[in-house]
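Colleague: Got a minute to walk me through this one? I'd like the overall picture, then the details.
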Amino acid sequence: ERFIGQALNLDPTNIEYLSNFGEACRRSRNFSVAVKKMQDAVAIAEQQKSSKFFMTLGNLYKDQKLPEMSLEFFRKAFEFDLENALLFSNVFHNEMVLCDWSEFEGRLVAMDRFINTATNGLSPFTALSLIDKPEKHLRIAELFGRDHFFQAESAATPQKMGLEKPKASPV
């Protein structure tokens with residue numbers, strides 16, 4: 001937090017620094033400082049179309065249990081990165097939490113597309129809307145697990161841990 005703050009003193013309009021500062025404050029639960037600093041830069045982030053900046057703001061509000069504000073910023077982030085499955089999941093999940101069903105049918109279609117094309121980032125909570133499609137639940141669980149438990153290239157993977165399915169032996 002301190003070092004990113006020093007970098008921001010040198011370049012206060014750097015959206016990458018602001019996003020990282022907000023994330024560092026979020027992790028240390030210093031919400032008010034992060035929100036104040038980031039709210040001052042919303043116009044700059046909009047001009048630069050920074051989905052990361054708006055996702056960080058959405059997460060800050062989500063952690064403070066303010067779903068309306070969180071949804072506003074997740075939607076803005078998703079506008080700038082329509083192929084981001086994680087942002088889609090955040091938007092869809094918040095809409096369901098708030099009982100905002102206005103985009104529900106379209107979100108189901110989009111979720112189906114993301115399930116088939118995403119490599120990570122989908123939330124299993126949004127899969128609850130597909131209660132009649134267990135194969136979709138399995139795919140989302142796979143993506144969620146990969147995203148949360150095997151994030152880094154160097155991290156353990158099922159294959160590295162010897163957990164991959166054994167290959168059928170020829171008979």
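Modeller: Sure. The protein exposes about 10400 Å², and carbon and sulfur atoms supply 56% of that area. Keep in mind that this is a predicted model.

Colleague: How many helices and how many strands are there in the protein?

Modeller: There are 9 helices and 0 strands. Along the sequence the pattern reads α-α-α-α-α-α-α-α-α.

Colleague: What percentage of the residues is buried?

Modeller: Buried residues make up 39% of the 171 residues.

Colleague: And what share of the contacts with a separation of 6 or more comes from residues 24 or more positions apart?

Modeller: That share is 45%.

Colleague: Now the core. Which residues in the largest nonpolar core touch the most other members?

Modeller: Phe53, Leu57, Phe88 and Leu122 do, out of 38 residues in that core. Helix 2 (15-27), helix 3 (31-39), helix 4 (42-48), helix 5 (51-63), helix 6 (67-80), helix 7 (85-97), helix 8 (104-117) and helix 9 (134-149) each give two or more residues to this core.

Colleague: Take Phe88. What does Phe88 touch, not counting residues up to four places away in sequence?

Modeller: Phe88 touches Phe78, Arg107, Ala110, Met111, Phe114 and Leu122.

Colleague: Plenty of rings in that answer. Which residues form the aromatic cluster with Phe88?

Modeller: Phe78, Phe92, Trp101, Phe104 and Phe114 join Phe88 in one aromatic cluster. Phe114 also has a charge over its ring: the charged end of Arg113 sits there, 4.6 Å from the ring centre.

Colleague: How many aromatic pairs does the structure hold?

Modeller: The structure holds 9 aromatic pairs. Take Phe53 and Phe54: the ring centres are 5.2 Å apart and the planes are at 85°, so this pair is edge-to-face.

Colleague: Are Phe53 and Phe54 buried or exposed?

Modeller: Both Phe53 and Phe54 are buried. Phe54 also pairs with Phe80, with centres 5.9 Å apart and planes at 45°, so that pair is tilted. This second pair links distant parts of the chain: Phe54 is in helix 5 and Phe80 in helix 6, 26 residues apart.

Colleague: What relative accessible area do you get for Phe54, and what for Phe80?

Modeller: Phe54 has 1%, so it counts as buried. Phe80 has 23%, so it counts as partly exposed. The cut-off for buried is under 20%.

Colleague: Back to helix 5. How many of its residues are buried?

Modeller: In helix 5, 10 of the 13 residues are buried, so this helix is largely enclosed by the rest of the structure. They are Ser51, Phe53, Phe54, Thr56, Leu57, Gly58, Asn59, Leu60, Tyr61 and Asp63.

Colleague: Which helices do those buried residues pack against?

Modeller: The buried residues of helix 5 pack against helix 2, helix 3, helix 4, helix 6 and helix 7.

Colleague: How far does helix 5 reach from its first C-alpha to its last?

Modeller: Helix 5 reaches 18 Å, close to the 18 Å expected at 1.5 Å a residue.

Colleague: And what happens just after helix 5?

Modeller: Lys65 takes a positive phi of about 60° there. Lys65 lies in the loop between helix 5 and helix 6. Its relative accessible area is 68%, so Lys65 is exposed.

Colleague: Why flag a positive phi?

Modeller: Because most residues other than glycine have a negative phi. Arg29 is another case: it has a positive phi of about 65° although it is not a glycine. Arg29 lies in the loop between helix 2 and helix 3. Arg29 is exposed, with a relative accessible area of 53%.

Colleague: Switching to Ser70. Where does Ser70 sit, and is Ser70 buried or exposed?

Modeller: Ser70 is in helix 6. At 0% relative accessibility, Ser70 counts as buried. Leaving aside neighbours within four places in sequence, Ser70 is in contact with Gly58, Tyr61, Lys62 and Asn94. Of these, Gly58 and Tyr61 are among the buried residues of helix 5.

Colleague: Last one. Where is Pro124 found?

Modeller: Pro124 is in the loop between helix 8 and helix 9. Pro124 counts as partly exposed, at 26% relative accessibility. The C-alpha atoms of Pro124 and Ala141 are separated by 6.0 Å, with the two positions 17 residues apart along the chain counted as their separation.

Terms used
Residues are numbered from 1 along each chain as its sequence is written. This is a predicted model: local features need pLDDT of at least 70, side-chain atom pairs count only at pLDDT 80 or more; totals for chains, interfaces and linings use all residues. Side-chain values use heavy atoms; hydrogens and water are left out. A nonpolar core is a set of buried Ala, Val, Leu, Ile, Met, Phe, Trp, Tyr and Cys residues joined through side-chain atoms within 4.5 Å. Buried means under 20% relative accessible area, exposed over 50%, partly exposed in between (1.4 Å probe, protein chains only). Helices (H or I, at least four residues) and strands (E, at least two) are DSSP runs, numbered from the N terminus. Contact means heavy atoms within 4.5 Å. Rings of Phe, Tyr and Trp (its six-membered ring) pair if their centres lie within 6.5 Å; planes under 30 degrees apart count as stacked, over 60 as edge-to-face and the rest as tilted. A charge sits over a ring if NZ of Lys or CZ of Arg is within 6 Å of the ring centre and within 35 degrees of the ring normal. Accessible areas come from the Shrake-Rupley method with a 1.4 Å probe; for residues, only the protein chains shown count as cover. The expected span of a helix is 1.5 Å times one less than its number of residues.
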